[in-house]
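This report describes selected helices, strands and residues of one protein model. The sequence and the coordinates are shown first, and the discussion follows.

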Amino acid sequence: MSIKEFSKEWWSEVYNRIIGAVVFLDDNSAECLHWDGGLFNLINNGAVAVKSLSPFESAKKEQRKAVFITQTTSTQLRTISEIIRNSDFTHCILISCVSLDVVYLELNDGKDLNDLVSSGKAQAEATKLLENMLIEWIGKKQCMVDVVFTPIFTISPTNVVFLTPPYHKVYPTYDGKLIPNTPSVDLYTITSEERSLARRLASGLNSMLDSMNMKEDLYYMGTFSSLIAGVLENSPVCVSRRKNCSQPVSLIIVDRTLDLCGVTSHSMESVLDKIMAVLPKFPGHSNDVAVDMSPLCEANVISHPDDIQLCPGCLYHGNDDSCAQTYDHMINKSQKEVMFDLYNKLSKLDVQKSPGPKTLLKVTPQSVEKIISASKGNYDIIGKHLGILQQALGVVQTLKSPKRVQLELIMSLERQVLQNLATSRESTSVLHQMSHLIKTRKVRGLPLENLLALLIHVYSLMGTEVMFNKQHEESVQEALSVAIFEDHKSLFPSEFGYIVTPEECEVISNKIMGRLKDVSQMRRILQKYNSVLKPCEAGTGHEYRGVLQQLVDDLVNTDRPELTDLRHRNEGIKDLLRSGLNILTSKKKTPKHPLDNSTVILFVVGGITAEECKQLHRSVITSGVDNVVHIGSTKFVTPVEAMRDVLNL
């Protein structure tokens with residue numbers, strides 16, 4: 001079973017339960033539904049209404065059955081109680097997308113439940129507890145309640161890549177810091193929110209492996225990944241799964257923070273990365289964008305994507321194979337190929353018969369836009385080909401956006417910085433250039449948030465190889481402090497309703513510099529992959545080769561070089577006894593290698609780019625290994641989002 005099939009199978013379990021029901025979904029479940037085919041999957045399978053999980057929602061008097069699809073947090077349970085009390089249900093089904101033993105631990109936070117958990121009774125206890133809650137909220141003698149766990153947390157943009165929308169906020173931080181205060185880190189040295197997210201993610205991965213009948217060899221790289229690997233190895237639920245599952249798999253978990261260059265880079269080849277960096281997010285989603293649909297109809301949009309008259313379009317259309325193919329091209333093909341693909345598909349529905357694709361040597365955004373405009377107001381054509389029209393509009397809006405010019409300018413600055421640092425191996429000119437850029441950003445039309453992403457890129461690129469000059473760092477900090485004061489409304493749109501004082505801006509810029517220093521220290525725990533600046537194979541200059549890329553190249557290398565930085569969690573006491581016996585009999589045991597298993601899952605905690613997915617997949621294909629390699633992460637990420645994750649803004 002593939003990861004895509006795993007998700008589909010569990011959605012069909014949900015569809016079997018919703019006949020005649022009002023369905024309430026939280027944002028994360030709604031996003032997973034979007035990637036499975038969307039709202040009509042619920043309607044066509046018998047739901048009488050679909051609403052968001054909000055305390056302001058309720059059902060009509062005659063609607064007696066409700067299904068709640070949620071992450072089962074304590075806040076969501078309070079919301080469910082409000083909805084039930086304001087409605088007149090006699091049958092309620094709570095579908096928890098998170099394993100019930102984890103829910104039980106969270107509902108009883110602070111109590112010692114070790115015996116209950118290790119005896120495997122936590123799930124039954126959680127079911128009983130939640131069922132009693134539902135009965136109490138319904139408040140009728142004659143009522144039916146069900147509590148079911150269905151592990152809906154993955155989406156599959158392609159057959160190789162999978163993401164986990166409910167865990168898009170999971171990030172390798174320890175009490176909010178990038179570097180933990182204590183040398184030994186466990187689940188109890190991080191905050192309860194971080195602990196809960198780590199447990200939930202580990203539990204999700206466990207459910208996925210369980211459904212796919214997989215028994216894993218665990219490898220990890222990075223401190224946070226070691227926590228997740230620890231839960232997967234030691235949690236009683238995971239231990240019993242490994243006894244019952246038979247398919248061997250290698251699961252490699254990696255911290256994003258070891259290499260932040262890839263996600264803060266503006267040098268994007270992948271069309272999907274370009275689109276995500278330019279267009280706003282689809283409301284409530286972490287992995288799709290909002291496309292302005294006004295060019296196709298008569299409505300005037302005032303505030304895209306939150307306009308009331310016209311809802312936005314998006315890129316992914318789960319029930320349309322042709323659109324799924326175009327989406328795959330947006331990750332894996334060049335911009336030129338994507339434009340030709342769109343043009344060919346649009347030409348088939350062109351109402352004014354423009355020149356056939358063969359007569360065009362180059363497809364421009366204008367030539368695609370021309371066909372889209374020809375469909376304006378023709379709702380018959382729009383209705384039949386809505387998916388491809390949304391994708392084409394998304395690409396055109398990206399390539400014609402003024403933001404593209406800004407991104408291209410930052411891209412050229414990034415290249416300069418890379419060559420500067422590589423040849424001089426010192427930071428003077430680069431930091432001087434950065435403070436100058438921050439001061440003159442308005443003239444050049446550069447947003448401060450993109451420059452902050454560039455700063456993270458610089459510090460992550462250099463790691464511990466370059467000492468940053470204190471005096472120059474102070475001048476960057478001063479420039480930042482002034483810039484934050486001037487641009488605080490765009491930098492903190494939601495939190496800061498009040499005017500920020502210069503003193504507060506100084507504190508913020510000081511905090512940012514502290515974080516940047518932490519960023520440069522992230523790879524000091526690595527031996528082999530501690531540098532990402534490598535001489536070009538062509539022989540002149542240097543290029544960036546990321547930690548993930550180096551790891552995958554070594555992984556699929558037929559010579560099997562030693563993977564020194566990849567830690568392997570032992571299978572426990574049996575291994576120790578075996579190695580003890582081997583010492584006595586002087587047999588040398590060859591260390592395990594992830595490719596010993598036919599399936600490998602590489603999971604990056606904290607986000608990945610489409611470009612990285614493409615390059616890693618390409619390395620696997622060109623190496624000629626027979627293993628199936630899945631690439632997973634918590635979300636697709638843009639340079640500005642990566643910057644906000646790192647700086648905690």
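In the predicted model, helix H7 has the buried residues Ala122, Ala126, Thr127, Leu130, Leu134, Trp137 and Ile138. These residues lie on the same side of H7, because they cover an arc of only 135° around the axis. The face turned away from that buried side carries the exposed residues Ala124 and Glu136. H7 spans residues 122-138, 17 residues in total, and reaches 24 Å from its first C-alpha to its last, close to the 24 Å expected at 1.5 Å a residue. The packing partners of its buried residues are H4, E4, helix H5 (100-107), helix H6 (114-118) and E5. After H7 comes Gly139, with a positive phi near 70°.

**The parallel sheet**

Two of the partners of H7, E4 and E5, belong to an open sheet of 5 strands, ordered E2-E1-E3-E4-E5 and paired in parallel. The edges are taken by strand E2 (49-52) and E5; each has a single partner strand, so one side of each is left without a neighbour in the sheet. On average, neighbouring strands of this sheet are turned by 15° against each other, direction ignored. Helix H4 packs on the sheet and touches strand E1 (22-25), E3 and E4, its direction making about 165° with that of E3.

Strand E4 (residues 91-96) has 6 of its 6 residues buried, so it is largely enclosed by the rest of the structure. Buried here means under 20% relative accessible area. His91, Ile93 and Ile95 point one way from E4, while Cys92, Leu94 and Ser96 point the other way. In a regular strand, side chains alternate between the two faces of the sheet.

E4 is joined to E3 (residues 65-70) by 6 bridges, and these two strands run parallel. Ala66 has Cys92 as its bridge partner in E4. Towards E5 (residues 144-149), E4 likewise pairs in the parallel sense over 6 bridges. Here Ile93 stands opposite Asp146, and Cys92 has Val145 as its bridge partner in E5. E3, helix H4 (residues 74-85) and E4 together make a right-handed β-α-β unit.

**Three individual residues**

Which class of exposure does Asp328 fall into at 28% relative accessibility? The table lists this residue together with Ile83 and Ser203, one from each of three helices.

| Residue | Helix | Relative accessible area | Class |
|---|---|---|---|
| Ile83 | H4 | 0% | buried |
| Ser203 | H8 (residues 192-211) | 11% | buried |
| Asp328 | H13 (residues 321-332) | 28% | partly exposed |

Asp328 is classed as partly exposed because its value of 28% lies between the cut-offs of 20% and 50%. Ile83 and Ser203 are buried, at 0% and 11% respectively.

Ile83 lies in H4, the helix of the β-α-β unit. Leaving aside neighbours within four places in sequence, Ile83 is in contact with Phe24, Leu53, Ser54, Glu57, Ser58, Phe68 and Phe89. The C-alpha atoms of Ile83 and Ala59 are separated by 7.9 Å, although the two residues are 24 apart along the chain.

With residues up to four places away in sequence not counted, Ser203 touches Ser99 and Val102. On the same basis, Asp328 touches Thr158 and Lys333. Asp328 and Leu272 are 56 residues apart along the chain, with a C-alpha separation of 9.2 Å.

**The mixed sheet**

A further open sheet has 6 strands in the order E6-E13-E12-E8-E7-E11, with mixed pairing. Its edge strands are E6 (161-163) and E11 (567-568), each of which pairs on one side only. Strand E12 (residues 599-605) and strand E13 (residues 628-633) pair in the parallel sense over 6 bridges, and Thr599 stands opposite Val628 in E13. Helix H26 (residues 610-623) packs on this sheet, touching E6, E12 and E13, and its direction makes about 165° with that of E13. Helix H9 (residues 223-234) lies across strand E7 (214-221), strand E8 (247-255) and E12, and runs at about 150° to E8.

Definitions and conventions. Residues are numbered from 1 along each chain as its sequence is written. This is a predicted model: local features need pLDDT of at least 70, side-chain atom pairs count only at pLDDT 80 or more; totals for chains, interfaces and linings use all residues. Side-chain values use heavy atoms; hydrogens and water are left out. Buried means under 20% relative accessible area, exposed over 50%, partly exposed in between (1.4 Å probe, protein chains only). Helices (H or I, at least four residues) and strands (E, at least two) are DSSP runs, numbered from the N terminus. Two strands pair if DSSP finds at least two bridges between them. A crossover is right-handed if, with the strands pointing away from the viewer, the path from the first strand over the helix to the second runs clockwise. The expected span of a helix is 1.5 Å times one less than its number of residues. The arc is that of the directions from the helix axis to the C-beta atoms. Contact means heavy atoms within 4.5 Å. Axes are lines fitted to C-alpha atoms, for helices over the stretch in contact, and angles run from 0 to 180 degrees between N-to-C directions.
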